[in-house]
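Q: Please give me a close look at a single part of this model, the largest pocket. I am new to the structure, so take the pocket slowly and then follow the chain outwards from there.

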Amino acid sequence: MLPKFDSVFSIDCVIFGFEAGELKILLIERNEEPYKDWFALPGYIVEQDESIDDAAERILYELTGLRDLHMQQFHTFGEVNRHPQGRVITVAYYALIRINGQKELRPVTQFAKKAIWHSVNDLPKLAFDHSEIFNTGFNKIRRRLHYQPIAFELLPEKFTLTQLQSLYEAVLNKKLDKRNFRKKMLSYGFLKELDEKQKGVSYRAAKLYKFDKRKYGKIFQGEMSLG
């Protein structure tokens, strides 16, 4: 008779959102040992009878109340001693979402006290190796920002060039020259200028733009240089 394996798999979710010029990450406050009362990425153990992808959807929903996100696997973390209760190999997923319009975060399990959006700039110490998982996910979206239109998954459907630049600066963690940034972005041809301006602002209303995904696919195959 063949011996049974005793490793278990878990899922950890790195969910990025953008709001009020700040890049944020979705965290939970744990309500269970180990690391009770610590902040952590939304994550838990995969059940014996479910696939990894199904587990990711279930776990994110149970811990945050969020559903139907387009999540992608980006890394597996398998250090032998990463969990104090035994061998736990975690599969990490990430997603980028618009925070505006998302429903209120509300865990539907006792495992999490609450779920919050937290700025990536001053993260608390996280449970387990979740700081490493977060950093790996953050570096992944920084790289993707140069060759895929992921910024537009975080912005409202209609946005200003200032909002677009502030998002790039938040992800890349550096200031970009306003004139050069606008010139380059407009030169690519995948920003569609709208006959609309911002509403309800106390300063001079800026023009609004939309992202033309079809045009992007046709004209842009290389790497985006931001100089």
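A: **The largest pocket and its surroundings**

About 500 Å³ of space lies in the largest pocket. The search runs on a 1 Å grid over the protein atoms alone: a cavity is a set of points where a 1.4 Å probe fits but cannot get out, whereas a pocket is an open set with protein on both sides within 12 Å along at least five of seven lines. Grid points are joined across faces, edges and corners, and the volume is the space filled by probe spheres set on the points.

The model is a predicted one, in which local features need pLDDT of at least 70 and side-chain atom pairs count only at pLDDT 80 or more, while totals for chains, interfaces and linings use all residues. Residues are numbered from 1 along each chain as its sequence is written, and side-chain values use heavy atoms, with hydrogens and water left out.

The pocket has 24 lining residues, meaning residues with an atom within 4 Å of a point. Nearest its centre lie Thr160, Thr162, Gln163, Gln198 and Ala206. By type, the lining holds 11 nonpolar, 7 polar and 6 charged residues. Here Ala, Val, Leu, Ile, Met, Phe, Trp, Tyr, Cys and Pro count as nonpolar, Asp, Glu, Lys and Arg as charged, and the others, Gly among them, as polar.

At least two lining residues come from each of strand E1 (8-19), helix H4 (161-172) and strand E9 (207-211). The most come from H4, which gives 4 residues. Helices (H or I, at least four residues) and strands (E, at least two) are DSSP runs, numbered from the N terminus. The protein has 6 helices and 9 strands, and its C-alpha trace spans about 70 × 40 × 30 Å along the principal axes.

Strand E1 is a useful place to leave the pocket. Asp12 lies in this strand and, with 3% relative accessibility, counts as buried. The term means under 20% relative accessible area, with exposed over 50% and partly exposed in between (1.4 Å probe, protein chains only). Of the 227 residues in the protein, 45% are buried. The side chain of Asp12 makes a polar contact with the side chain of Thr90 at 2.7 Å. Such a contact is a pair of N or O atoms within 3.5 Å; within protein, one must be able to donate a hydrogen and the other to accept it, and residues adjacent in sequence count only if both atoms are side-chain atoms.

Aromatic rings come next. Rings of Phe, Tyr and Trp (its six-membered ring) pair if their centres lie within 6.5 Å; planes under 30 degrees apart count as stacked, over 60 as edge-to-face and the rest as tilted. The count comes to 13 aromatic pairs. One of them joins Phe16 and Phe138, and this pair is tilted because the planes stand at 35 degrees, with the ring centres 5.8 Å apart. Phe16 is in strand E1 and Phe138 in helix H2 (residues 130-144), so the pair links distant parts of the chain, 122 residues apart. Both Phe16 and Phe138 are buried.

Arg142 lies over the face of Phe138, at 4.0 Å from the ring centre. A charge sits over a ring if NZ of Lys or CZ of Arg is within 6 Å of the ring centre and within 35 degrees of the ring normal. Arg67 is placed over the face of Tyr61, at 3.8 Å from the ring centre. Phe152, Phe159, Tyr188, Phe190 and Phe211 form one aromatic cluster.

Helix H2 also holds Ile133, which counts as buried at 0% relative accessibility. The C-alpha atoms of Ile133 and Val14 are 7.8 Å apart, although their positions lie 119 residues apart along the chain.

The loop between strand E2 (22-30) and strand E3 (39-40) contains Pro34. Most residues other than glycine have a negative phi, and most peptide bonds are trans. The bond from Glu33 to Pro34 is cis, with omega near -5 degrees. Tyr35 belongs to the loop between E2 and E3 and has a positive phi, near 65 degrees. Asp37, also in the loop between E2 and E3, has a positive phi near 75 degrees. Tyr35 is partly exposed, with a relative accessible area of 27%, and Asp37 is partly exposed at 42%.
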